[in-house]
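Hi there,

Here is the structure I said I would pass on to you. Have a look at it first, and then read my notes below.

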Amino acid sequence: QVQLVESGGGLVQPGGSLRLSCAASGSRFSIYDMGWYRQAPGKQRELVAATISGGSTNYADSVKGRFTISRDNAKNTVYLQMNSLKPEDTAVYYCNARRVVFGLTADYWGQGTQVTVSS
């Protein structure tokens, strides 16, 4: 099992930056695919960025070129650097750890951290 705790959210003006962190406890962090999702009021949760255990990354089209996901396996932490923030980036951001074994998916979620982009 993995326990996830996000931090780094807050209020920022349009065009500003934030860095989210997700600290994981439990065993074998490096084998998990890690992702950041977000959910705005009245909308479904959506994938923002993900990094698989092998190191490749993928991003939602809406954040490409502005957000960067990275992980530090020695610190059991995944980060989301968010630049050029827009009001539409306002949402609760959730950290996700995923592992697929023999076709079965295990998902673990953090409690979420609020990001508000407003002037």
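What follows is a walk through what I found, from the whole chain down to single residues.

One thing to keep in mind from the start: this is a predicted model.

**The whole chain**

The secondary structure is quick to describe, since the chain has 0 helices and 11 strands. If you take the C-alpha atoms along the principal axes, they fill a box of roughly 45 × 30 × 25 Å. Is the chain as compact as a globule should be? A compact globule of 119 residues would have a radius of gyration near 14 Å, and the chain agrees with that because its own value is 14 Å. Of the 119 residues, 39% are buried. Take the contacts between residues at least 6 apart in sequence: 55% of them join residues at least 24 apart.

**The open sheet**

In which order do the strands of the open sheet lie? The order is β1-β3-β8-β7, so to speak a row of 4 strands, and the pairing is antiparallel. β1 (2-7) and β7 stand at the edges; each has a single partner strand, so one side of each has no neighbour in the sheet. On average, neighbouring strands here are turned by 15° against each other, ignoring direction. As a bit of background, strands of a sheet pair through backbone hydrogen bonds, either parallel or antiparallel.At one end of that order, β7 (67-72) is joined to β8 (residues 77-82) by 6 bridges, and the two run antiparallel. To find your place in this pair, look for I69, which stands opposite L80 in β8.

**Two hairpins**

Next, go to β4 (residues 33-39) and β5 (residues 46-51), which pair in the antiparallel sense over 5 bridges. Here G35 stands opposite A50 in β5. The hairpin of these two strands has 6 residues between them, and G42 takes a positive phi near 75°.

β5 also has a partner in β6 (residues 57-59): 3 bridges join them, and they run antiparallel. A49 stands opposite Y59 in β6. There are 5 residues between the strands in this hairpin, where G55 takes a positive phi near 115°.

**The nonpolar core**

Which residues have the most contacts inside the largest nonpolar core? They are L4, W36, L80, M82 and Y93, in a core of 29 residues. Many strands feed into this core: β1, β3, β4, β5, β7, β8, β9 (91-101) and β11 (113-117) each supply at least two residues. If you want one core residue to click on, try M82. Leaving aside neighbours within four places in sequence, M82 is in contact with G16, S17, L18, L20, R66, F67, Y93 and V115.

**Some buried residues to look at**

R66 is found in the loop between β6 and β7. Is R66 buried or exposed? R66 has a relative accessible area of 11%, so it counts as buried, the cut-off being under 20%. Not counting residues up to four places away in sequence, R66 touches Q81, M82, N83, S84, L85, K86 and D89.

V63 has its place in the loop between β6 and β7 too. V63 counts as buried because its relative accessibility is 0%. Beyond residues up to four places away in sequence, V63 touches R38 and V48. From V63 to A49 the C-alpha distance is 8.3 Å, with their positions 14 residues apart in sequence.

S21 belongs to strand β3 (residues 18-26), and at 16% relative accessibility S21 is buried. With neighbours within four places left aside, S21 is in contact with V5, E6, S7, W36, T77, V78 and Y79.

Finally, R71 sits in strand β7. R71 counts as buried, at 19% relative accessibility. What does the side chain of R71 make a polar contact with? The partner is the side chain of N73, at 3.0 Å. A polar atom of the R71 side chain also lies 2.9 Å from the backbone oxygen of Y32. Apart from neighbours within four places in sequence, R71 is in contact with F29, S30, Y32, D33, M34, T51, I52, S53, T77 and V78. The C-alpha atoms of R71 and G42 are separated by 30 Å, and the two residues are 29 apart along the chain.

That's it from me. Have fun exploring!

How values were computed: Residues numbered from 1 in each chain as written. Predicted model: local features only at pLDDT ≥ 70, side-chain atom pairs only at ≥ 80, totals over all residues. Heavy atoms only, no water. Pairing = 2+ DSSP bridges. Buried < 20%, exposed > 50% of the residue type's maximum accessible area, 1.4 Å probe, protein only. Contact = heavy atoms within 4.5 Å. Axes fitted to C-alpha atoms, helices over the stretch in contact; angles between N-to-C directions. Polar contact = N/O pair within 3.5 Å; in protein donor to acceptor, adjacent residues only side chain to side chain. Core = buried A, V, L, I, M, F, W, Y, C linked by side-chain atoms within 4.5 Å. Rg over C-alpha atoms; globule rule 2.2 N^0.38 Å.
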